[in-house]
Amino acid sequence: MTPPQPLAGVPAGALAGIGVGSASAAGPVARMAAAPALPAPRPVADPAAETAAVRAALAAVVDDLHRRADRAAGPAADVLAAQAMIAADPVLAERAAESVAAGSDGPHAVTAAFDSFRTALEAAGGYFAERAADLDDLRDRAVARLLGLPSPGLPDPGHPYVLVADDLAPADTALLDPDKVLALVTVRGGPTSHTAILAKALGLPAVVGCAGAANLADGRPVLVLGAEGLVLADPAPVDVARAADEQRQRRSRAAGVRGPGRTADGHPVALLANLGALHELPGAAAADAEGVGLFRTEFLYLDRTEAPGADEQTAAYRAVFTAFTGRRVVVRTLDAGADKPLPFATAADEENPALGVRGLRTSVRDPQLLETQLAAIAAAARGSGADVRVMAPMVSLPAEAAAFAARVRAHGLPSAGVMVEVPAAALRAERIAQACDFLSIGTNDLAQYAFAADRTLGALAGLLDPWQPVLLDLVAAAAEGGAAAGAPVGVCGEAAADPALALVLVGLGVGSLSAAPSCLPEVRAALAGHTLADCRALAALARGAADAATARALVREALG
Ligand code: PEP
Ligand code: MG
């Protein structure tokens, strides 16, 4: 993660944002259009023509979905084909036609038809209720057609492109095809936002929080420089060639180092993969990693009206454990709330959801959620051959850690840890570590709570910069507390993905680093090039700095 770069030295015309990862890519822009706003109702002069327009819009949406399904593969193709079937339902067109006959204009008639479908699906419950959210996307596409606006959602220009969006939500990106998307650029978002995490998971270069990207038109060529946090519009061919060359060199240097993570003097630092969705599993399993250090299980619960059942969960966990037979898998139990709201687990009336009943706190209000999940993890772990460990998000107190560990062990699971994501846990890490088996520092939330800065806001990126010396103080406190209790301490937040910062974390006493698989080779190479004493000296330099920019600059200078 490369936080905002100083503007000095930025080439004229370059758009500055927050760089994600160190990769770069060039290509034409394709924008993700926002959902259309419904205009005020208008009188309908010719109901027959209006009905014909509605039918044509729905047919065009169906055609478009079929075309995309034909070009997609695997689960994405199935989802698109299922959506096409819903949009082609004659009852939908009939309902819209009835609304037009009753005086509605096309966009309102389509909206009413989809609303009535949605209500029916929700009432049916189960699988049908899960599909209700898909209807909103179909409605928006049909309304956009009627209004002559670009289709919302992921663009499909028919060639590889740089995706430019205001911001990306998990649902927007489920169908994102890394073979077509060369890079991500978002106007909003911070260094630990969903988009930044997703870009790393896909191994894509990205620049987030890039206000200037709002004006980039479709088709305009851009060069996205993740390391610099810059987007160059109409780049000179020489700049494109230089960026590609630097990338090749960096990758070939990193590819020269393989195997378990260790410093130049042989100090072991386990390198683990972050895993956030089942489609990432083949890449994570094939990665040169000692296992999974953070298995984010929320993907199973997203876009649902009720929690998935034990059998469905067991099947998903078993797929992961089987792929990692003989290796470690750290499963994080459901982290609902704040940036990951779930209708059945998150109270709708909290004024400050990031400070509310989220993470492990959810399971106090609804114990069955955690019970079902632990039972499913235990069932999947049995006989899988994977070294399954379980950890809880958003733990603040030793008593919470102890209660969680007891519940995990009651399911026959041997290893229970907790995430250190709030300063209270970092400062009392020794007592927390005494109550469980290991600690894993979530620097994304730890930064958010240390600085009282919403991690999704690009405007607060400076405070959320993982090089902030205060954040490093908290990491050091957690590492020291863990060591005093004899418990291993790792980092699984985005800070672990930055090769220079990874050295600092190891110098602070961290024993494992978990990051997107695409980031691990450069972290491994950095470790191999430095001794533990080097790492400690770098950590002292960074902690002694007055601010994040100075910490980063001092360490970069020392690394040469
Ligand atoms: C973190 O907070 O650093 C973390 C790893 O968890 P998430 O990003 O899923 O909140
Ligand atoms: Mg977190």
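Start by selecting Pro353, which sits in the loop between β11 (328–332) and α12 (362–365). Keep in mind as you click around that this is a predicted model.

**Stop 1: Pro353 and its surroundings**

Is Pro353 buried, partly exposed or exposed? Its relative accessibility is 35%, so Pro353 counts as partly exposed, since that label covers the range between under 20% (buried) and over 50% (exposed). Now show the residues around it. Leaving aside residues up to four places away in sequence, Pro353 touches Ala338 and Arg358.

Next, add Asp465 to your selection. Pro353 and Asp465 are 112 residues apart in sequence, and their C-alpha atoms are 22 Å apart in space.

**Stop 2: over to Gly509**

Select Gly509 and look at the loop between α20 (499–507) and β16 (512–515), where this glycine is found. Gly509 has a relative accessibility of 46%, so it too counts as partly exposed. Draw a distance line back to where you started: the C-alpha atoms of Gly509 and Pro353 are separated by 32 Å, with their positions 156 residues apart along the chain.

**Stop 3: the magnesium ion**

Now pick ligand 2, the magnesium ion. Which residues coordinate it? Select Glu421 and Asp445: an OE atom of Glu421 and an OD atom of Asp445 coordinate the ion at 2.0 Å. Trace the chain from each of these residues and you'll see that the pair links distant parts of the chain, 24 residues apart. Glu421 belongs to the loop between β13 (416–420) and α15 (423–427), while Asp445 belongs to helix α17 (residues 443–451).

Try switching on a surface here. Glu421 has 2% relative accessibility, so it counts as buried. Asp445 is also at 2% relative accessibility and therefore counts as buried.

**Stop 4: two loop residues with positive phi**

Stay with α17 for a moment and select Ala452, in the loop between α17 and α18 (461–464). Its phi is near 50°, a positive value in a residue other than glycine. Ala452 counts as exposed because its relative accessibility is 73%.

Then jump to Asp234, in the loop between β8 (230–233) and α9 (237–255). Phi of Asp234 is near 45°, again a positive value in a residue that isn't glycine. At 45% relative accessibility, Asp234 counts as partly exposed.

**Stop 5: a pair of crossing helices**

Hide the loops and colour helix α11 (residues 310–323) and helix α13 (residues 367–381). Their axes come within 8 Å and cross at roughly 45°, which means α11 is oblique to α13. The crossing of α11 past α13 is right-handed. Show side chains to see who meets whom: the α11 residues include Tyr317, Arg318 and Phe321, and among their partners in α13 are Thr372, Gln373 and Ile377.

**Stop 6: zoom out, then one more pair**

Colour the chain by domain: domain 1 (15–33 + 154–252), domain 2 (47–147) and domain 3 (263–530). How far apart are the C-alpha centres of domain 2 and domain 3? They lie 39 Å apart.

For the last selection, take helix α1 (residues 47–71) and helix α3 (residues 90–101), whose axes are 9 Å apart and packed at an angle of about 155°. So α1 is roughly antiparallel to α3. From α1, the contact involves Pro47, Glu50, Thr51, Val54, Arg55 and Leu58; from α3, it involves Leu92, Ala93, Glu94, Ala96, Ala97 and Val100. Here as well, the crossing of α1 past α3 is right-handed.

Note on methods
Residues are numbered from 1 along each chain as its sequence is written. Chains are lettered from A and ligands numbered from 1 in the order in which they are written. This is a predicted model: local features need pLDDT of at least 70, side-chain atom pairs count only at pLDDT 80 or more; totals for chains, interfaces and linings use all residues. Side-chain values use heavy atoms; hydrogens and water are left out. Donors are N, O and S atoms within 2.8 Å of the metal (3.2 Å for Na, K and Ca); water is not among the atoms, so sites may look incomplete. Helices (H or I, at least four residues) and strands (E, at least two) are DSSP runs, numbered from the N terminus. Buried means under 20% relative accessible area, exposed over 50%, partly exposed in between (1.4 Å probe, protein chains only). Domain bounds come from an automatic or database domain assignment. Axes are lines fitted to C-alpha atoms, for helices over the stretch in contact, and angles run from 0 to 180 degrees between N-to-C directions. Angles under 35 degrees count as roughly parallel, over 145 as roughly antiparallel, 65 to 115 as roughly perpendicular and the rest as oblique. A crossing is left-handed if the near helix is turned anticlockwise from the far one by less than a right angle, and right-handed if clockwise. Contact means heavy atoms within 4.5 Å.
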